[in-house]
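Here is a protein model to explore together. Please have a look at the sequence and the structure first, and then read on.

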6 protein chains.
Amino acid sequence: MRPSQRQNDELRPVSLERAVSRHAEGSCLVKFGETHVLCTASLEERVPGWLKNSGKGWVTAEYGMLPRATGERMRREAASGKQSGRTQEIQRLIGRSLRAVVDLGALGERQITVDCDVIQADGGTRTAAITGAFVALSDCLAWMESRGMVVRAKVLKDHVAAISCGISKGTAVLDLDYLEDSAAETDANFVMTGRGGIVEIQGTAEGEPFAEAQLNELLSLAKAGIADLVERQRAVLAG
Amino acid sequence: MRPSQRQNDELRPVSLERAVSRHAEGSCLVKFGETHVLCTASLEERVPGWLKNSGKGWVTAEYGMLPRATGERMRREAASGKQSGRTQEIQRLIGRSLRAVVDLGALGERQITVDCDVIQADGGTRTAAITGAFVALSDCLAWMESRGMVVRAKVLKDHVAAISCGISKGTAVLDLDYLEDSAAETDANFVMTGRGGIVEIQGTAEGEPFAEAQLNELLSLAKAGIADLVERQRAVLAG
Amino acid sequence: MRPSQRQNDELRPVSLERAVSRHAEGSCLVKFGETHVLCTASLEERVPGWLKNSGKGWVTAEYGMLPRATGERMRREAASGKQSGRTQEIQRLIGRSLRAVVDLGALGERQITVDCDVIQADGGTRTAAITGAFVALSDCLAWMESRGMVVRAKVLKDHVAAISCGISKGTAVLDLDYLEDSAAETDANFVMTGRGGIVEIQGTAEGEPFAEAQLNELLSLAKAGIADLVERQRAVLAG
Amino acid sequence: MRPSQRQNDELRPVSLERAVSRHAEGSCLVKFGETHVLCTASLEERVPGWLKNSGKGWVTAEYGMLPRATGERMRREAASGKQSGRTQEIQRLIGRSLRAVVDLGALGERQITVDCDVIQADGGTRTAAITGAFVALSDCLAWMESRGMVVRAKVLKDHVAAISCGISKGTAVLDLDYLEDSAAETDANFVMTGRGGIVEIQGTAEGEPFAEAQLNELLSLAKAGIADLVERQRAVLAG
Amino acid sequence: MRPSQRQNDELRPVSLERAVSRHAEGSCLVKFGETHVLCTASLEERVPGWLKNSGKGWVTAEYGMLPRATGERMRREAASGKQSGRTQEIQRLIGRSLRAVVDLGALGERQITVDCDVIQADGGTRTAAITGAFVALSDCLAWMESRGMVVRAKVLKDHVAAISCGISKGTAVLDLDYLEDSAAETDANFVMTGRGGIVEIQGTAEGEPFAEAQLNELLSLAKAGIADLVERQRAVLAG
Amino acid sequence: MRPSQRQNDELRPVSLERAVSRHAEGSCLVKFGETHVLCTASLEERVPGWLKNSGKGWVTAEYGMLPRATGERMRREAASGKQSGRTQEIQRLIGRSLRAVVDLGALGERQITVDCDVIQADGGTRTAAITGAFVALSDCLAWMESRGMVVRAKVLKDHVAAISCGISKGTAVLDLDYLEDSAAETDANFVMTGRGGIVEIQGTAEGEPFAEAQLNELLSLAKAGIADLVERQRAVLAG
């Protein structure tokens with residue numbers, strides 16, 4: 001039995017709350033169980049230098065954790081003077097994931113920055129962040145559409161969501177919490193679109209190397225989990 | 001009439017919510033209207049170098065703002081590689097304010113760090129932070145008391161809370177929101193104890209210099225406002 | 001009796017020496033007793049980005065301390081790679097104080113930077129810096145006036161000077177030196193104009209909170225002290 | 001046909017040259033075609049803080065690129081004052097990959113740092129680095145074994161090597177050079193052991209999302225390629 | 001006898017290998033015995049701000065050492081976040097030395113950056129770097145000449161090369177290796193042109209001060225050594 | 001004729017003022033004409049890590065310039081977050097020069113840091129700094145001697161002073177001011193002891209390379225100039 005009493009293919013309770021920020025053009029508070037991430041999408045009328053006069057826009061992401069989002073307080077990155085390798089790795093992943101479903105030409109020469117700030121962490125912060133960031137991005141595009149700036153359906157080519165899987169005590173399980181994640185033999189993150197295409201897969205053997213069969217087992221779990229998450233995105237955006 | 005339709009001596013709706021963090025020893029989500037600050041108190045069994053073997057502990061604070069807490073997205077301090085002068089000024093103020101009501105000897109050789117992270121800003125973030133940080137600190141001490149580490153009543157000598165006042169269109173007003181603050185001629189922050197002693201006063205003429213009489217008017221408003229905030233702290237801590 | 005044998009309302013010997021720098025457009029070596037601060041005003045034909053094409057100029061300040069200005073050598077900020085929170089707090093205060101008496105429109109699109117470098121410290125460096133910076137600024141404007149760039153009397157609306165007060169052994173005293181400052185129960189800095197308006201007030205209880213009556217006592221001392229300093233500014237600028 | 005005229009499952013010419021550094025305890029110059037990486041393993045008699053008195057050692061990696069390793073000169077990271085997110089991501093990957101085949105307890109409380117410096121880049125620098133780093137690490141352990149410090153065969157549990165695959169013009173291909181990599185629809189890096197276990201898999205859709213079948217095709221290519229690389233490691237280490 | 005069994009006026013085996021980088025416009029791997037430095041010259045169509053619209057170009061250099069170029073691994077400068085004083089001193093010296101033989105007007109508004117990266121160090125890295133950087137620079141200019149951008153012979157006014165000398169056990173010796181350098185009483189670096197003019201001389205007494213006569217002895221050694229190096233540059237460039 | 005109307009072998013008016021700092025163990029304000037450098041020597045009862053338990057002490061130097069020491073205001077190094085290459089080069093030179101006349105064993109395990117801060121610059125700041133730093137160091141050692149910590153005469157083996165020379169309009173001249181320095185063809189700095197030994201020589205051709213004969217001419221000027229400076233050090237220290 002899993003520590004959280006969940007089935008092997010069972011997600012934690014998921015919630016996606018829209019419009020949680022007074023200021024941001026789009027925002028979403030996403031919860032995967034006790035992992036809570038605040039995602040805000042900010043529109044800026046500028047693009048990075050290499051896109052100037054290209055007619056194309058840019059979507060990027062930044063990631064942070066409040067110092068006491070975790071069991072032990074971590075040093076504040078602003079105080080230590082730099083973002084850790086882990087932070088940079090995650091925010092690059094979120095940005096790539098979002099851009100996989102965006103038509104940058106249809107966006108026009110503008111930048112949307114999605115900030116994903118972990119208010120409370122219990123494993124899976126990057127996958128929750130991607131899943132919530134998509135909702136914030138979608139609402140930002142709706143905000144823009146209502147002002148005649150873009151056609152949302154042209155910019156957003158598909159949904160994108162993410163989930164972690166892992167091999168825990170020899171068994172493939174979905175959506176690991178911190179306790180399970182710390183002890184898992186293999187840890188894998190999947191990012192997939194609404195149509196089931198794979199955008200990103202990152203699997204790491206923490207202990208023993210894993211086999212191809214196990215990888216496929218994890219992928220099956222992820223597919224189902226992400227399909228579920230995309231349904232929830234659809235529901236909340238329709239709401 | 002004030003932009004927010006409030007009386008000159010009227011606070012914004014204030015709420016103090018305890019135990020909002022799964023991990024922190026004490027925590028409080030404080031709201032002064034649309035200004036929302038998450039305060040978490042973290043206990044560590046170490047002290048700064050200059051207090052080693054002194055038998056005394058330390059209470060300190062850190063302050064941050066999520067990039068889109070404000071009307072326009074601000075650059076993430078972790079990304080720019082340093083904390084701004086404003087950030088440092090505020091976190092030094094919060095730390096001093098808390099230490100004004102703490103008996104560091106009764107705390108013993110331990111450090112409590114109160115992180116104040118602005119989730120949403122609408123003026124008065126530093127005063128909301130001090131007011132909420134006191135509640136988080138108090139709960140952290142209760143956590144410690146329940147483990148026989150300290151006697152909370154010996155460590156905490158009094159309450160401490162803070163409020164901003166200002167002179168807006170010639171009139172002294174209490175608890176300015178961002179709109180009012182941006183246009184105020186004078187801006188002042190007051191930190192006071194439960195017994196009415198002044199811990200800190202910072203008044204700045206943004207436009208014309210102000211007179212002694214005006215300073216006293218602001219102080220009167222602040223006294224009443226802070227007394228009200230201390231009442232709310234008492235109520236929520238008793239709850 | 002005060003350690004320095006001064007009366008409670010007595011300033012240390014004050015001197016303001018003009019034109020101490022061969023290169024700067026205006027300069028002043030200010031001494032409050034053993035506290036010596038070199039202030040240089042530098043004119044630059046550029047403004048910060050947010051003022052471009054506004055027709056307005058900018059006055060700003062930077063503050064530094066030589067490593068052995070103090071009793072124990074402090075680490076050089078250029079070597080440690082950043083300015084401390086204290087340094088940033090002080091230079092922001094000096095800049096605000098100067099701007100309180102400057103008509104930025106009458107200055108035109110130019111920037112004056114006043115560097116305040118503490119050659120020797122014995123308490124009250126920020127108040128000495130403000131008092132001397134005004135003289136350096138005034139001379140910089142005279143230099144500009146002699147070249148037909150501005151009318152000094154239109155740019156400078158008033159004098160500005162500053163002094164510290166404190167409660168030491170229960171008594172309110174003026175212009176604390178380092179020895180007195182280290183032991184004071186309350187420490188307050190006042191910045192006021194030649195006409196007696198308050199520009200900035202910063203009061204901090206280092207030990208017990210202080211009462212409104214004490215605040216007013218400190219303010220009275222400060223008013224007299226600053227009036228005296230303004231007289232000295234007038235005298236030296238007339239010289 | 002591939003730009004390099006290679007078969008889809010064909011590696012570039014690979015060479016592994018040992019003992020290329022006069023100073024390092026182990027070293028290897030690895031070439032995957034025109035991608036050249038110098039790997040040096042340095043032994044230090046210290047471990048990171050969290051391993052002190054644990055009886056366990058540590059293996060870590062650092063990665064760098066000479067400024068003109070690439071087609072256009074890149075800014076030197078030492079001059080810009082920080083390592084890019086990409087650099088950190090890669091050096092974390094190399095370290096994890098090596099640790100996957102190391103018994104840290106058998107190493108004892110010592111650290112081996114493998115520096116992977118790209119002398120010339122033409123795609124696949126991270127996979128070449130891992131493949132060469134293993135050889136440098138193995139030689140470092142041989143150096144230690146000859147001094148009676150460890151038994152190499154107990155520390156090194158298996159071989160580890162890495163290769164990139166990708167989908168280029170709809171076809172799965174092995175070991176992409178820069179030209180192919182820039183245009184590939186999907187890019188994936190695989191790290192596997194000598195016994196064929198998967199240590200790490202990172203797949204990214206640069207353009208269209210990819211399907212499970214494609215992932216498996218890439219994995220097949222990688223398995224064969226890595227088996228080949230491991231043979232070459234064995235040959236050169238036996239030499 | 002010298003530790004390396006060389007005569008007092010004998011250089012280490014010197015080699016200059018051209019065109020060692022696939023990407024750089026000019027490159028040279030220079031070896032002074034066991035000191036190996038890779039020099040790459042990169043052309044950029046931009047100049048530093050102060051040269052814009054001057055019609056003049058710029059030649060500059062950067063210097064780095066791989067972490068394990070030395071007997072003990074040194075911290076990677078990119079990881080420590082800054083270049084050491086020694087690194088900056090050396091790269092400034094290389095840049096000045098190259099510019100001494102370049103007509104910046106004949107270069108036109110372009111910048112050539114010569115990166116000198118020490119692959120392996122055994123004393124004399126800066127002098128080897130200057131000697132090899134000249135070859136890389138010359139080849140970069142040849143590359144430009146073949147595209148009609150410049151006339152190499154007009155840009156390069158002369159050769160430049162460098163060598164170290166020192167007083168070791170009371171005797172003046174040429175081209176010190178690390179062992180000799182560590183124990184030398186005086187260490188001097190000379191940069192001279194093909195026509196024998198002195199571009200730079202830096203002599204430091206590590207132990208006892210040295211006398212004028214000794215300085216002249218060192219200079220004599222250096223003249224001969226540099227004449228030899230210039231011959232080798234000529235030979236390899238003619239090859 | 002030189003711009004300053006001086007003879008070719010004539011120093012600028014030199015003054016060395018002792019005991020100018022209330023706090024430092026030794027201090028000297030040195031003036032070479034309009035170049036003014038404040039030197040303070042600070043004693044600390046600690047040594048760098050590599051000297052612990054060696055019985056030896058350390059003498060080091062730091063160098064800085066006030067932002068408006070120069071004709072145009074320079075950016076404050078503490079604000080830009082790092083010391084320039086020039087600053088580091090100079091402070092390393094000052095430290096080496098002082099250590100050349102110090103017996104570190106006789107100093108005992110302590111560190112003396114000499115801070116050289118340029119209050120006003122007009123060429124030759126590094127040579128003035130070395131000359132003044134020696135006086136500050138000597139006074140620091142006298143302070144220590146009076147407390148029975150060292151015997152000054154055993155720690156200080158000789159005097160050390162420095163001067164710049166240059167070739168200006170084809171003529172060798174002594175002690176260049178800024179105007180002359182900017183236009184000189186060759187610029188050289190000499191550091192020598194009281195007994196006439198050479199500690200450091202740094203000569204740079206700014207324009208045309210220079211010849212051996214010119215180097216010797218510069219050295220002759222420097223010898224006489226430094227002998228004069230050493231006399232002045234003796235006189236002021238005897239005073």
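The paragraphs below walk through contacts between chains, salt bridges and cysteines.

This is a predicted model, in which local features need pLDDT of at least 70 and side-chain atom pairs count only at pLDDT 80 or more, while totals for chains, interfaces and linings use all residues. Residues are numbered from 1 along each chain as its sequence is written, chains are lettered from A and ligands numbered from 1 in the order in which they are written, and side-chain values use heavy atoms, with hydrogens and water left out.

Let us begin where chain B meets chain A. Contact here means heavy atoms within 4.5 Å, and 37 residues of chain B and 37 residues of chain A take part. Together the two chains bury about 2,700 Å², with 47% of it on carbon and sulfur atoms. Buried area is the accessible area (1.4 Å probe) that two parts lose on being put together, summed over both. Three residues stand out: His23(B), Arg68(B) and Arg73(B) supply 27% of the area that chain B buries against chain A, more than any other three residues.

What holds charged groups face to face here? Look for salt bridges, each a side-chain nitrogen of Lys or Arg within 4 Å of a carboxyl oxygen of Asp or Glu. Between chain B and chain A there are 14 salt bridges. One of them joins Glu62(A) to Arg73(B), at 3.2 Å from N to O. Polar contacts add another view: 22 residue pairs of chain B and chain A are in polar contact, both residues being at pLDDT 80 or more. Such a contact is a pair of N or O atoms within 3.5 Å; within protein, one must be able to donate a hydrogen and the other to accept it, and residues adjacent in sequence count only if both atoms are side-chain atoms.

Which parts of chain B make up the side that touches chain A? Strand 3 (35-44), strand 4 (58-65), helix 1 (77-80) and strand 5 (111-120) of chain B each supply at least two residues. Helices (H or I, at least four residues) and strands (E, at least two) are DSSP runs, numbered from the N terminus. Strand 5 of chain B gives the largest share of this side, 6 residues. Sorted by class, the side of chain B that touches chain A holds 14 nonpolar, 11 polar and 12 charged residues. In this sorting, Ala, Val, Leu, Ile, Met, Phe, Trp, Tyr, Cys and Pro count as nonpolar, Asp, Glu, Lys and Arg as charged, and the others, Gly among them, as polar.

Now turn to chain D and chain E. Here 36 residues of chain D are in contact with 36 residues of chain E, and the area buried between the two chains is about 2,700 Å², of which carbon and sulfur atoms give 47%. This interface has 14 salt bridges. In one of them, Arg73(D) pairs with Glu62(E), with the closest N and O atoms 3.2 Å apart. Arg73(D) also forms a salt bridge with Asp115(E), where the closest N and O atoms are 2.6 Å apart. That pair crosses between chains, from strand 5 (residues 111-120) of chain E, which holds Asp115(E), to the loop between strand 4 and helix 1 of chain D, which holds Arg73(D). Are these two residues buried or exposed? Buried means under 20% relative accessible area, exposed over 50%, and partly exposed in between (1.4 Å probe, protein chains only). Asp115(E) counts as buried because its relative accessibility is 0%, and Arg73(D), at 18%, counts as buried too.

Salt bridges appear elsewhere as well, and the count over all chains comes to 126. One of them lies within chain B, where the side chains of Asp122(B) and Arg12(B) meet at 3.8 Å, N to O. This pair links distant parts of the chain, 110 residues apart: Asp122(B) is in the loop between strand 5 and helix 4 (125-145) of chain B, and Arg12(B) is in the segment before strand 1 (14-18) of chain B. Asp122(B) is buried, with a relative accessible area of 11%, and Arg12(B) counts as buried at 5% relative accessibility.

Another salt bridge brings together the side chains of Glu89(E) and Arg92(F), at 2.7 Å from N to O. The pair crosses from helix 2 (residues 85-99) of chain E, home of Glu89(E), to helix 2 (residues 85-99) of chain F, home of Arg92(F). Glu89(E) is buried at 10% relative accessible area, whereas Arg92(F) counts as partly exposed at 31%. Salt bridges can also join up: in chain A, Arg2(A), Arg6(A), Arg12(A), Asp122(A), Asp175(A) and Glu180(A) are linked in a network of them.

Finally, consider the cysteines. A disulfide is a covalent bond between the sulfur atoms of two cysteines. Here it is taken as a pair of cysteine sulfur atoms within 2.5 Å, and the structure holds 0 disulfides over all chains. Why is Cys165(C) without such a bond? The closest cysteine sulfur, in Cys39(C), is 20 Å from the sulfur of Cys165(C), so the two are too far apart for a bond. Cys165(C) counts as buried, at 0% relative accessibility. Cys39(E) is in no disulfide either, and the nearest cysteine sulfur, that of Cys116(E), is 4.1 Å away. Cys39(E) also counts as buried, at 0% relative accessibility.
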